[in-house]
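This report describes the fold of one chain and a group of its aromatic residues.

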Amino acid sequence: MTQESYEAMWESLNLDLSAHDGLLGVLGKFYGDIYMSQQGRLKGMEYLDFVLSEVHGLRIKELLEAKAQGRKIIGTFCVFVPEELALALDCVQVGLCAGADAGKEAAETLVPRNTCALIKSFVGFKLARLCPYTESCDLIVGETTCDGKKKAYEAFGELAPMYIMEVPQTKTPAARKLWKEEVLRYMATLESMTGKKVTAEKLAKAIKIVNDRRRVLQRLNKLRATVPTPISGRDVLLINQISFYDDPLRFTGAINALCDQLEERIKKGEGVVPQDTPRLMLSGCPMAVPNWKLPFIIESSGAVIVGEESCIGTRNTRDLVDESGQTLDEMLDALADRYMHIDCACFTPNDERLENIESMASELKVDGVVQYTLMFCQPYAHEGFKVEKRLTDHGTPSMILETDYSMEDVEQLKTRVEAFLETIK
Ligand code: SF4
Ligand code: SF4
């Protein structure tokens, strides 16, 4: 596609073209500095470079072509929204990124200043007319997870077609019942929007597609456990981020091919870093694209990230939907059960998360854990204390870093990470 045809496409989505140009310029530079400067990247990474370079280009063209064929585009902000239902109705689901500081001033006219950067980002992107994904959506699905999101969706709902799923806050049988009803209510909404019906056959196929994407990410995470690790944490974060908006079949194929290359590298005993490089795990809030700040700081300070205990990481890929269901009812139950396993800090109590963090730290043979908390995020800040205690009892050093999307604290964060690495050594 030519630059003119891209611009015509963005104009048709009512984007602010000059602000959008500025965003792409910053994103391109940021990507070059953080990703293209890495040593020892495998050929399979070219797929990611291409997908990211076309994030506002060819992928948007594909979405608009799908729309022209009558398919609906569903946008989401949380891993609780079951993509299987959208796929079973031939919709395309995309994660809306919310990982950059753009439109912050505008966002602060609708949500309080002391709101987390992720929320301000999705409100800001909408108000500043910067996101072609948001503008392509036929429906945006929010959820009642944290209070900040819940209230922000009320304001956001004035600007875009929104639907809210009620996510319970506990894991009791009553909560499971509520969640199953929410899954059915959401399915009915999608059915009425598309004029189609979810059948057992279509849902089984959709479950397999999404499970296959989770399986390939599980495979990747197992390969990373090797010492020395064959791939950088920055690259794996990017893979997880891209999994939210690329076509699932294409994505699974490309990452399986990359995993084959990683296996070759492991067989030769090669790593992306020397064997004695400190291995760290990230834990906490999601890092939506293009939020690469902390991984870059950590990996340019002499450590390597080998795991992300996060929704843009294992929280989204650890559990599969049981594929043994034969009837539509059995499949819907399996779907509801799988999503109830998500260990988001919005749940109380949330002891499963502590178990998961401890086993990840062991399996990945980490030397330390960096808890990443977005400023003003109450749920993850509260859980930070428990996570720190559990890790200390487990003998794993940890630190908590609270930040946002601005670049002002980069030097300060780097100093703290370097000091942490000194204590590990
Ligand atoms: S951290 Fe919780 S609210 Fe945020 S995306 Fe994950 S599950 Fe959803
Ligand atoms: S980072 Fe925390 S405050 Fe922000 S949306 Fe997620 S759970 Fe809510």
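How much area does the chain expose, and what share of it do carbon and sulfur atoms supply? The chain exposes about 17500 Å², of which carbon and sulfur atoms supply 55% (Shrake-Rupley method, 1.4 Å probe). This is a predicted model, in which local features need pLDDT of at least 70 and side-chain atom pairs count only at pLDDT 80 or more, while totals for chains, interfaces and linings use all residues. Residues are numbered from 1 along each chain as its sequence is written, and side-chain values use heavy atoms, without hydrogens and water.

The chain contains 19 helices and 8 strands (DSSP runs of H or I, at least four residues, and of E, at least two). Its radius of gyration is 21 Å, close to the 22 Å given by the globule rule for 425 residues, so the chain is as compact as a globular protein of that length (C-alpha atoms; the rule is 2.2 Å times the number of residues to the power 0.38).

A search of the whole structure finds 14 aromatic pairs (ring centres of Phe, Tyr or the six-membered ring of Trp within 6.5 Å; planes under 30 degrees apart are stacked, over 60 edge-to-face, the rest tilted). Phe30 and Trp292 have ring centres 5.8 Å apart and planes at 35°, so this pair is tilted. Phe30 lies in helix α2 (residues 17-36) and Trp292 in the loop between β5 (279-284) and α14 (293-299), 262 residues apart. Ring pairs link both residues with Tyr31 and Tyr35 into a cluster.

The table uses these classes: buried, under 20% relative accessible area; exposed, over 50%; partly exposed, in between (1.4 Å probe, protein chains only).

| Residue | Relative accessible area | Class |
|---|---|---|
| Phe30 | 21% | partly exposed |
| Trp292 | 0% | buried |

Notes. Chains are lettered from A and ligands numbered from 1 in the order in which they are written.
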